Structures are given as C-alpha cells and as structure tokens.
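Welcome! Let's take a walk through this structure together, one part at a time.

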Amino acid sequence: MVVLRELRVKAPHMLLGIILWLVQAVASAAELPPIRVVTSEFPPYNFTYNGALVGVSVDVVHALLEEAGVKNTTIENMPWARAYQLAKAESNVLIFSITRTLERESLFKWIGTIAPVDYSFFARKKSGLRIENLEHARQLRVATTNGDVVDQLCKRLDFPFLQSVGGQNAYEQNVRKLLNGRVDVWGVATLPAIYFLQSTDRRGEVVRVGAIRELDSEGMYVAFGSMTDDVLVSHFRRALERVRQRGIDRQALQRFLSAP
C-alpha cells in the first residue's frame, strides 16, 4: 500500500517531466537553423543508383536528420573537394562520409561515426608489388583523389610522384591510369575501392597490396565545420547516439556489405 501511495504521488511528477522533455525536444527542433547536407560519390558509403543517392552512410544520415528534427533538406552530391571546402568555410553545413585526422581535428566539429573504414594501396595484380610502408610507396607513382584523406597525407609528406585527380569519376580515372601503366599504385579507402572494382569487373586485374596504417580510424564520421554553433552540434550528437542505439548503422552496413 505504501508503494502504491508513492507511485500515485510520483506519477504526476513523472508525467510532467515527460511532457516537459517532449516540449523541449519539439522546441529544439523548431528552432533549428537551415541545415545544408553535403557528400560525394563514395560507394558503398554514398553513391547514385537509379538516380537516387543511396549507401551505408546515406541510410544513417537520413535517420540522423529525422531524429534531429531536420525537415525539407536534400543531401547534395558534389565533388569531394568542393564539399570539404564548403563545410569548412560555412556554418551549419553537415558533411559525410569524412575521416577524422589530426590535420582536420580543429577544422570540424565531429558529430560521430556512422560506418567503419580503413585505407589501402592497390596495384595491378601482374605487378607483383607489395607495399610494406609509406616510405616504399613514396618512391612510386601514386594515384589519389584530390582532397581526400590519402591525398592530404601524401601531399603533407611531399610524395614526389603523386598524381591526384578530382571529380565524381576520380576512381575510374585512377584505375584506368593504373591499368595503362601511368601510375604504380592507387591510394584509397579499402571498401569503396573493392566495391568499385567489383562493379566494373576489374577485381581480378587490380588487387590490394598494402595497408595505409597511418590512416587507421575509428570510422567514417559526420561533422559540421568549426563555425557551427556548439548548441547545434550537441543536438546532433545526441540524435546520432539515439540512432546508433537503435542499430541503424549496423543495419545499413549489413544491407550494403554484400553489394553489388
């Protein structure tokens, strides 16, 4: 009986607390500034399929935007270098899939991880190459995508024979140069490279020849530029935490892992 009386006393207060929390959540969503969301072609994380943007990261970001209360926002697909500069230079621009590095740490406000990632060197199978470390790769002609994390690493280390290309077809350009003998190795994120090689029937011609251990990462991130208000950043961090608690990131990875 004592327990029942305590519950009767506490119930109104609990209910009031829940109502206040809901009101605050709705108010927080209503007060959100316009959010711009940018990414680039990076299968299987984000890529165009039958005219629509899909992928592991895209599924998670859609869930994040819904959880955060963002309405009427379209994810913009553009060359990576442009997306990167836009997010870095303007406030309230959400960018994904981006790797967190020391070089980028202060340039962005990091929301959290949305997918796993690692980086590798690829070469023609018949080359017989095996890359043990960056010093070995530094002596070779290395192909990269302009502005991505591998490209930034190679430029910071002054790779003398670096060849970087931009645009949405950067992977196609780099693989073609590799097969034509114009470069020796291709530095790239492992999963997207394998996905691309499978989708273009080149998996038997181009193989992984070494890991880029200097780019070991917790995973692909979603982030705002450093000019974005901390209150908004905190709101998105809490929203992403709830999305991950529901297992949306694991479900998205499982959905695209065996594709194409």
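**A walk through the model**

About 500 Å³ of space lies in the largest pocket of this protein, which is shown here as a predicted model. Which residues are the closest to the centre of that pocket? They are S40, E41, F42, P43 and Y171, out of 34 residues that line the pocket. Sorted by class, the lining has 19 nonpolar residues, eleven polar ones and four charged ones. Several elements take part: β2 (47–49), α3 (80–89), β5 (93–99), α6 and α7 each supply at least two residues of the lining. Keep these names in mind, as some of them come back below.

Let's turn to the backbone. The peptide bond that leads from P43 to P44 is cis, and its omega is near 5 degrees. You will find P44 in the loop between β1 (36–39) and β2. P43 itself is among the residues closest to the centre of the largest pocket. Another cis peptide bond runs from F96 to S97, with omega near -15 degrees, and S97 lies in strand β5. The loop between β2 and β3 (52–54) holds N50, a residue other than glycine whose phi is positive, near 55 degrees.

Strand β5 also leads us to a sheet. In this open sheet, five strands follow the order β4-β1-β5-β12-β6, and their pairing is mixed. At the edges are β4 (75–77) and β6 (108–115), each of which pairs on one side only. On average, neighbouring strands of this sheet are turned by 30 degrees against each other, direction ignored. To follow one pairing in detail, look at β6 and β12 (residues 220–225): these strands run antiparallel and are joined by six bridges. One residue pair to find is A115 with its bridge partner M220 in β12. Helix α8 (residues 230–245) packs on this sheet, where it touches β5, β6 and β12. The direction of α8 makes about 10 degrees with that of β6.

There is also an open sheet of five strands with the order β9-β8-β10-β7-β11, and here too the pairing is mixed. Its edge strands are β9 (162–165) and β11 (206–211), each pairing on one side only. From one strand to the next, the twist averages 35 degrees. Within this sheet, β7 (residues 119–124) and β10 (residues 185–189) run antiparallel, with four bridges joining them. Find F121, and you will see G187 of β10 standing opposite. Helix α7 (residues 190–199) lies across β7, β10 and β11, and runs at about 115 degrees to β10.

Our last stop is the place where two helices meet. Two packed helices are described by the angle between their axes and the distance between the axes. How do the axes of α6 (residues 170–179) and α7 cross, and within what distance do they come? They come within 11 Å and cross at roughly 75 degrees. Angles of 65 to 115 degrees count as roughly perpendicular, so α6 is roughly perpendicular to α7. On the α6 side, the contact is made by Y171, E172 and V175, which meet P192, A193, F196 and L197 in α7. By class, the residues of this contact divide into six nonpolar, no polar and one charged. Y171 brings us back to the start, as it is also one of the residues closest to the centre of the largest pocket.

Methods. Residues numbered from 1 in each chain as written. Predicted model: local features only at pLDDT ≥ 70, side-chain atom pairs only at ≥ 80, totals over all residues. Heavy atoms only, no water. Pairing = 2+ DSSP bridges. Axes fitted to C-alpha atoms, helices over the stretch in contact; angles between N-to-C directions. Contact = heavy atoms within 4.5 Å. Parallel < 35°, antiparallel > 145°, perpendicular 65-115°, else oblique. Nonpolar A, V, L, I, M, F, W, Y, C, P; charged D, E, K, R; others polar. 1 Å grid on protein atoms, 1.4 Å probe; cavity = no way out; pocket = protein on both sides within 12 Å on 5 of 7 lines; lining within 4 Å. Points joined across faces, edges and corners; volume = space filled by probe spheres on them.
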